[in-house]
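Biologist: I would like to learn how to read a structure of this kind feature by feature, with the general idea given before each case. Could you show it to me and then begin with the interior?

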There are 2 protein chains.
Amino acid sequence: MSEQKTSSDTRDRILDVAERLFMENGYEATSMRMITGAAEVNLAAVNYHFGSKEALLREVFRRRLGWLNVNRLQALDRLEAQAGGGPLKPSQILEAFFGTLLRMGEDKALGGMTFLRLLGRTLTEPAEFIRTFFAGEYAEVIDRYKQALYRALPDVPQAEIVWRLHFMLGAMSYAIAGTDVLRVVTGVEVGDLAGERPLQDDDTVLARRLAQRLMPFLLGGLRAPLPQFDEPARIQKELPTQAARESRPGI
Amino acid sequence: MSEQKTSSDTRDRILDVAERLFMENGYEATSMRMITGAAEVNLAAVNYHFGSKEALLREVFRRRLGWLNVNRLQALDRLEAQAGGGPLKPSQILEAFFGTLLRMGEDKALGGMTFLRLLGRTLTEPAEFIRTFFAGEYAEVIDRYKQALYRALPDVPQAEIVWRLHFMLGAMSYAIAGTDVLRVVTGVEVGDLAGERPLQDDDTVLARRLAQRLMPFLLGGLRAPLPQFDEPARIQKELPTQAARESRPGI
DNA sequence: CTAACATTAAAACGAACGTTTGAACGAATC
DNA sequence: GATTCGTTCAAACGTTCGTTTTAATGTTAG
């Protein structure tokens with residue numbers, strides 16, 4: 001029985017341990033010996049199964065981002081089908097994009113908060129091979145969602161939408177990374193303040209709570225009035241601020 | 001002449017080079033030999049002047065964060081003085097906090113965008129000594145601004161304000177880090193889209209443009225309607241959403 | 001049974017790491 | 001002019017790094 005030839009148990013144990021250690025220490029500060037030691041496999045096993053340390057990191061992400069990309073695209077497909085050619089609501093787009101991700105935090109089989117934290121921390125790693133890898137993995141999805149936002153906010157300059165998508169990714173990335181100045185400063189978990197019940201947490205609860213808090217924030221930022229430009233950069237056709245606010249589709 | 005005993009030229013060259021290399025490669029991936037080589041000083045100079053690689057990183061930040069902390073607190077003091085005991089407007093608070101930082105990006109003497117990028121990238125580093133260091137450096141300022149926000153938004157639960165401060169820090173951190181999925185995906189600089197004039201940039205222009213774009217986004221996120229809680233966590237005194245929106249001081 | 005194959009194991013590789021050492025240097029002090 | 005002291009220098013320290021090698025295991029197919 002069990003004719004799983006690709007998942008050799010050793011392979012999966014390495015991936016699981018690497019996911020956790022890369023999250024805890026970062027890529028550079030995590031050595032192969034730490035990984036193989038914690039996974040209780042031979043040192044050479046990583047190079048045998050994956051080829052190199054870089055390839056291991058890529059594989060750690062590929063098995064999660066594969067699922068994420070498919071589900072993000074499916075969610076968008078579903079929305080666009082039911083909209084029948086019309087533009088989507090920004091809230092729907094954000095829910096599809098960020099909600100799909102944050103739901104991974106609630107599901108241990110999808111990596112849970114461990115993967116989410118790893119993702120948030122790795123998105124800002126400067127290593128060239130990492131950025132190249134993410135660029136390839138994200139290209140299609142980002143482009144699809146960008147187009148959807150363009151259509152959802154026809155009166156907002158596309159450059160502005162790109163900036164705000166940028167900011168939204170940042171807020172999310174930092175939030176899920178969870179290496180937090182605030183957490184250390186306050187000495188408590190976010191949410192353990194102001195009389196809320198403390199987090200006896202379970203990452204599942206944390207993930208859900210994060211999503212509840214993050215989505216309104218992102219939507220508020222996306223829909224914020226456009227900035228006034230004090231530098232006469234070029235012919236400003238018209239300050240689209242007010243017009244865009246009025247004609248913005250319901251959210 | 002020049003009785004500057006502390007700034008031995010070697011010291012400053014090391015700090016400047018380390019700031020840039022830590023930004024480009026991250027802490028772990030930057031070796032002492034890369035730093036001393038680029039600074040054209042002897043390998044032992046770092047340990048002589050700073051004691052260790054960790055202490056070097058701390059000093060790189062200390063000379064910038066010192067200025068930043070002082071100016072952030074002064075800006076808040078000035079606002080509170082002119083408000084005469086009353087609450088501040090959220091937009092004023094954000095301008096003081098984020099504006100002070102972003103202005104560093106326009107001033108090469110304060111590190112310019114090099115330091116901003118370094119800061120953004122280092123804030124998510126998992127190394128314990130880095131997080132401990134930032135916690136200490138930021139404690140007082142974060143606390144002061146948090147209190148100011150509590151007073152500015154008396155109808156918003158304090159836990160919610162902490163979450164949103166968290167999200168705002170994330171959006172800013174990621175934005176100034178500038179290791180960007182979007183940038184790689186689109187192949188162009190943000191702002192080089194949709195007919196805007198391309199960035200022949202000068203970091204000064206980038207910093208100013210970033211500030212213009214980021215501030216409205218943050219303000220929109222901070223002022224967004226409060227989330228609805230579907231989990232009956234505890235007695236929800238009343239959904240403060242609408243009430244808070246009405247009574248919110250002008251922005 | 002044996003040949004072929006995929007996986008694991010132990011050991012070693014050269015390279016690079018952060019740090020330390022002890023001597024040499026140069027300018028100021030007595 | 002000798003001495004002191006802060007700084008620079010070349011060289012080496014011991015350790016750890018990612019990777020490779022070669023042999024020993026099972027496991028499967030002929």
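Modeller: A nonpolar core is a set of buried Ala, Val, Leu, Ile, Met, Phe, Trp, Tyr and Cys residues joined through side-chain atoms within 4.5 Å; buried means under 20% relative accessible area, exposed over 50%, and partly exposed in between, with a 1.4 Å probe and protein chains only. In this structure the largest nonpolar core has 158 residues, and those with the most contacts inside it are Leu56(A), Leu119(A), Leu56(B) and Leu119(B).

Biologist: Before we go on, what conventions lie behind such statements?

Modeller: This is a predicted model, in which local features need pLDDT of at least 70 and side-chain atom pairs count only at pLDDT 80 or more, while totals for chains, interfaces and linings use all residues. Residues are numbered from 1 along each chain as its sequence is written, chains are lettered from A and ligands numbered from 1 in the order in which they are written, and side-chain values use heavy atoms, with hydrogens and water left out.

Biologist: Which residues does Leu56(A) touch, not counting residues up to four places away in sequence?

Modeller: Contact means heavy atoms within 4.5 Å. On that basis, Leu56(A) touches Ile14(A), Leu15(A), Ala18(A), Phe22(A), Ile35(A), Val46(A) and Phe50(A). In chain A, among contacts between residues at least 6 apart in sequence, 70% join residues at least 24 apart, and buried residues make up 53% of its 251 residues.

Biologist: How many helices and strands does chain A have?

Modeller: Helices (H or I, at least four residues) and strands (E, at least two) are DSSP runs, numbered from the N terminus. Chain A has 11 helices and 0 strands.

Biologist: Is Thr100(B) buried or exposed?

Modeller: Thr100(B), which is found in helix H5 (residues 90–104) of chain B, is buried, because its relative accessible area is 5%. Leaving aside residues up to four places away in sequence, Thr100(B) touches Trp67(B), Leu68(B), Asn71(B), Arg72(B), Ala75(B) and Glu95(B).

Biologist: How many salt bridges does the structure hold over all chains?

Modeller: A salt bridge is a side-chain nitrogen of Lys or Arg within 4 Å of a carboxyl oxygen of Asp or Glu. The structure holds 28 of them over all chains. One of these joins Arg144(A) to Glu80(A), with the closest N and O atoms 3.0 Å apart. That pair links distant parts of the chain, since Arg144(A) is in helix H7 (residues 128–152) of chain A and Glu80(A) in helix H4 (residues 53–83) of chain A, 64 residues apart. Arg144(A) is partly exposed, with a relative accessible area of 25%, and Glu80(A) is likewise partly exposed, at 28%.

Biologist: Which residues are joined into one network by salt bridges that share partners?

Modeller: Take first another pair, Glu95(A) and Arg103(A), whose side chains meet in a salt bridge at 2.7 Å, N to O. Salt bridges that share partners join Asp16(A), Glu19(A), Arg63(A) and Arg64(A) into one network.

Biologist: How many residues surround DNA strand C, and which are the closest?

Modeller: A residue is near a molecule or strand if one of its heavy atoms lies within 4 Å of it. DNA strand C is surrounded by 15 residues, the closest being Thr10(A), His49(A), Met32(B), Arg33(B) and Lys53(B). Of the strand C atoms within 4 Å of the protein, 48% belong to sugar or phosphate and the rest to bases.

Biologist: Which polar contacts should I look at on each strand?

Modeller: A polar contact is a pair of N or O atoms within 3.5 Å; within protein, one must be able to donate a hydrogen and the other to accept it, and residues adjacent in sequence count only if both atoms are side-chain atoms. On DNA strand C, a phosphate oxygen is 2.9 Å from an N or O atom in the side chain of Tyr48(A), and a phosphate oxygen lies 2.8 Å from a polar side-chain atom of Lys53(B). On DNA strand D, a phosphate oxygen is 2.9 Å from a polar backbone atom of Met32(A), whereas a polar side-chain atom of Asn42(B) lies 3.4 Å from a base nitrogen.
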